[in-house]
Amino acid sequence: MSTAGFNSQNGTGTGQAYANGPSQNPVALQQLPGVSYGMTHQPTYNPMQAKAPAPPGPGLYPSGAYQPIPPVSSYQPGPPLTSYPAPPGQPLLTRPPLGIAPSHTPPQSASPSPGPRLPPAQATPPPPAVSSSSYYPNPQQPQPMAPSWQYNTAPPPMGPPASMSTPPRGPVGNHVNPASSATLPPPPPLSSAAAAYSSAPPPAHVSHSATQPPGPGMPPTSLHGYTQPGTAPPPVNPMAPHKYQQNRPPYGPPTTGPPPTGPPPAMKPTPPPTGPPMANATPPAPKPDAQCGAAVNSTLSPTEPDCQEGDIECPGTVAGNGPQAPNNYNHVDNKMAGPPQPGPPGRHLGHYPSLPPGYQNTSAPHNATSPMHPAMQAATQPYTQAPQPYQQPHGGPGPAQLSPSLAAMSLQSSTPEALRVVNLLQERNLLPPTPIPAPAPCLPQDLQKLNCNPEVFRCTLTSIPQTQSLLNKAKMPLGLLLHPFKDLSQLPVVTSSTIVRCRSCRTYINPFVSFLDQRRWKCNLCYRVNDVPEEFMYNPVSRSYGEPHKRPEVQNATIEFIAPSEYMLRPPQPAVYLFVLDVSHNAVETGYLNVFCQSLLENINALPGDSRTKVGFITFDSTIHFYNLQEGLSQPQMLIVSDIEDIFLPTPDSLLVNLNECKELVQDLLKSLPNLFEKTMETQSALGSALQAAFKLLSPTGGRMSVFQTQLPNLGVGALQSREDPNQRASAKDIQHLSPATDFYKKLALDCSGQQVAVDLFLLSAQYCDLASLGCISRYSAGSVYYYPSYHHQHNPAQVERFQKDLKRYLTRKIGFEAVMRIRCTKGLSIHTFHGNFFVRSTDLLSLPNVNPDAGFAVQMSIEENLDEMQVVSFQAALLYTSSKGERRIRVHTLCLPVVSSLSDIFSGADVQAITGLLACMAVDRSVTASLSDARDAMTNAAIDSLTSYRQSVLTIQQPGLLAPACLRLFPLFILALLKQKAFRTGTSTRLDDRVFAMCQLKYQPLAYAMLMIHPALYRVDDLTDEGALNINERTIPQPRVLQLSVEKLSREGAFLMDAGIVMYLWIGRNCHPNFLTQVLGVPSYAAVPDNLYLLPELDTAESQRTRAFIGWLRDQRPFYPSLHVIRDESQLKASFMQNMIEDRTESALSYYEFLLHLQQQISK
């Protein structure tokens, strides 16, 4: 059985088809040296010990300690590309004859060698094979090698990477170390022992700590702030208002004795950089920083600013030094957030009394308070109050300083609801009728009010274990899920010449720092004491001086800064949009070109940008067609390049044009394009060459490339061959070809990333297109993938409607260019694996050439140093980007969570949805690096192990049955839902592209949307009433209860709506009440319901208005457009509807009850 583990950092895993994220080598099953954080204090026992550690090979990415060797700046304009004489321009509407037929190049098909496979599965669904203790068993007992995850340690390196045959062109800023780009030897074959690479020594840790300057030391502390059961909690003193705390103790542990004298204990210094694994051991000279351009010095004194490699934010002026310019206060940004997404009622980030022009909160638009979708609404309920300015008590604990009074909130003083024991075999109706809220961390109320919205930033465990061994014992994954660029209806925006940051770890000042007095603040990540700059002493909210703790930066966990010039090396780039369109015979047949051109014509004035916005167009079949749109031409000119082997730009200066100056020509082109190719008989597709041409065109500026493809590319570079065997779609065995067939698309994506170009892929096809290979172009360039299977303008109107709506959102939503994101965490914690669409530029810097408001990310963490001296830890995500208006901005989110020392506290803080979302990302990786059966077994083991740990270590009274804490009662259901999800299911006919796209979605979608795809919501809608309804914009939105996904809940007399995220089904029972049929569907009888009904008629009846209002409200809560299918018993789509009935048995999968019995059997072994 293959035991390959997870690692989803770019360049540290094997080829992965779909996307999002763990950027891995697409050529062979091998792992590059990890750029991950190692563990220094608590090694995790791994049952899958290899006989010998896998040798770390030389790689593209440096391993070992953090290396401040930033790439060449990605902001430097690229060298001009060589221009070739252009062929004479042809009039647009008379297409010239094609040139010499280009020669075919054989498709590159380097299929990865399959790893060890499981024996074939039986025809009937046997219980999944698992071990009784699959994570961290007793070392003395021999254990079977069951697939399971090492949740919280960084996977070690696996072998050499694939060669990068072509060095990047121009000032590629990030992805390849020139010295390591030579061709490397092939990796050793993955044997069963070698695949169990977990025992290889982890690379050296990248420390979050820094040398502590002279200042107050860390006082002694009690081990934890919780009382034991039976003890009375100490009283909480009322907090007296005071401007600041004169002698506030350091952040973290409470003071339990006199302050220590003498020098403070030194914290672990940041290790000096080591070079990448090259033959020479000499570290390279400092290079310009990716953002601040200064040479990076590895031996900074504690008083110098630490410009880390590729530091997301390395200003030349460090807070506290440098010129103090007056504040230029900005407004709360509503325009930038695009059309505001509905938020929970009453929640306004940054609500200030009477604000000067700098901090005014403009009132939210009329729909900003409309409630969220049930699956998202509950997540914000603990955060519905606007943050109130906090008063720091005199000599007592402040909101950013936890004290023993936290003991009053001990989870052990009485059994909280989260730890209520549930026997899953007896309590069948566990699904709550309303959405599941995100658990609120156990923090003092004033601190909790300031915490980050869980829609933006949430953790799998809202109580962080003190040690890695405690985390291992809990057997739950520790990770963060982020939605960093989410549309927010209220966002405080600050313009200031000084952005206050820790001089050691570069953390932005936030609500969870400690003010020792008016002039000094202590960082909540590395504990360094920093000076408060003079400018920060003035509070623009109260227009008073001397209250730095009341500044907006210290009152809001989410805030955006308009960055000063030190945060840019080149002028911010303009918004540049390039559209690359398939115009082969197959593409014209689908009819997508008409829809695209019409949609762009309608929305051309809504494209985000300013007076500098540029657009361009490339079309392709077996040749590449460029369009000269230069101002002054009477009509667009088509320029054809038939030499696809050596692509060039015919007129480089007139192919990307200023939209405002050339709008009429652009509109003429869009009106004529569909007719231009309507009679084409050209069936070939040279996608690879078209992408190369587009890359050359966008390289000098950066921008967004939107690619529309309708078939398998079959000509020139990047040509692919069909790898799908339709007979294997329903196989119960392992699924083949989930990884890319060629590394062409990954390499090109890395080149794009280096030049600040992101590629978005729209795949509209009825045939296999090898999304596993094509998806790499978006995954590694931080783009998105849109997939419309069986798209046809006549035969599939529901897909056409979905494409239209998605395209409008895509063209008009806000966008960030040339972005980077870094996630920091408190000293002692480390991040080792990332999930999403990006490229990892350095150990912890994600390169995002474009960032959009619909993208989600996830990270896995481990605890490398004991946290027993801390009561809380913090996490901060900082996203630096250029807005479409040309402003450099930094969006910062900060999350604070308590540290606990008991297993029961860890379990009570488990966030079951976040855990499920993170496990889904990990399972996608495992499916590619090992096998689908490995991933399925590991998910099952995740449920077994966590419930075993709960039973053995938390329950004091052993009872019969399958017992779970109330907070994890839905965990087995969600795991079963994952096993039956399109990405992971077996034994059910699933097209390979559909499966790969489902995997893309799980890794790229923010958690709220991904959960609907994992566990759909079912509602009865034939009896909707106004009872408990919401009132939004004078519309009444009914709120039916959520039903279990079982046929038991269906009734032939009713109508049921299933919301599965990107698709909705309205199932009509055979004996459905005639009133519903006439009043909602507009048909006289059940037999009259049309087969392909996808739109509800707009009838002037109360029932019709209620039903349409509810469906419309559900659709409004997400950025993509779910199509609606009205189905009867005879409908073809009934099978898809029934496959989402997760609790029922199928021919190839267990029912929910059978799955629970299987779990119980494994746990009681």
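Hi all, here is a quick walk through one sheet and one helix pair in a predicted model.

Some housekeeping: residues are numbered from 1 along each chain as its sequence is written. Because this is a prediction, local features need pLDDT of at least 70 and side-chain atom pairs count only at pLDDT 80 or more, while totals for chains, interfaces and linings use all residues, and side-chain values use heavy atoms, leaving out hydrogens and water.

Okay, the sheet. Strands here are DSSP E runs of at least two residues, and helices are H or I runs of at least four, numbered from the N terminus. Two strands pair if DSSP finds at least two bridges between them. Four of them make an open, antiparallel sheet, ordered β3-β5-β25-β22. Why do β3 and β22 each have one side without a neighbour in the sheet? Because they stand at the edges, each with a single partner strand. Inside, β5 (479–482) and β25 (857–863) pair over four bridges, and Leu481 stands opposite Ala858 in β25.

Now the helix pair. The axes of α8 (687–698) and α9 (744–754) come within 11 Å and cross at roughly 10°; axes are lines fitted to C-alpha atoms, for helices over the stretch in contact, with angles from 0 to 180 degrees between N-to-C directions. So α8 is roughly parallel to α9, the label for angles under 35 degrees (over 145 is roughly antiparallel, 65 to 115 roughly perpendicular, the rest oblique). Contact means heavy atoms within 4.5 Å, and the residues making this one include Leu691 and Phe695 of α8 plus Tyr745 and Leu748 of α9.
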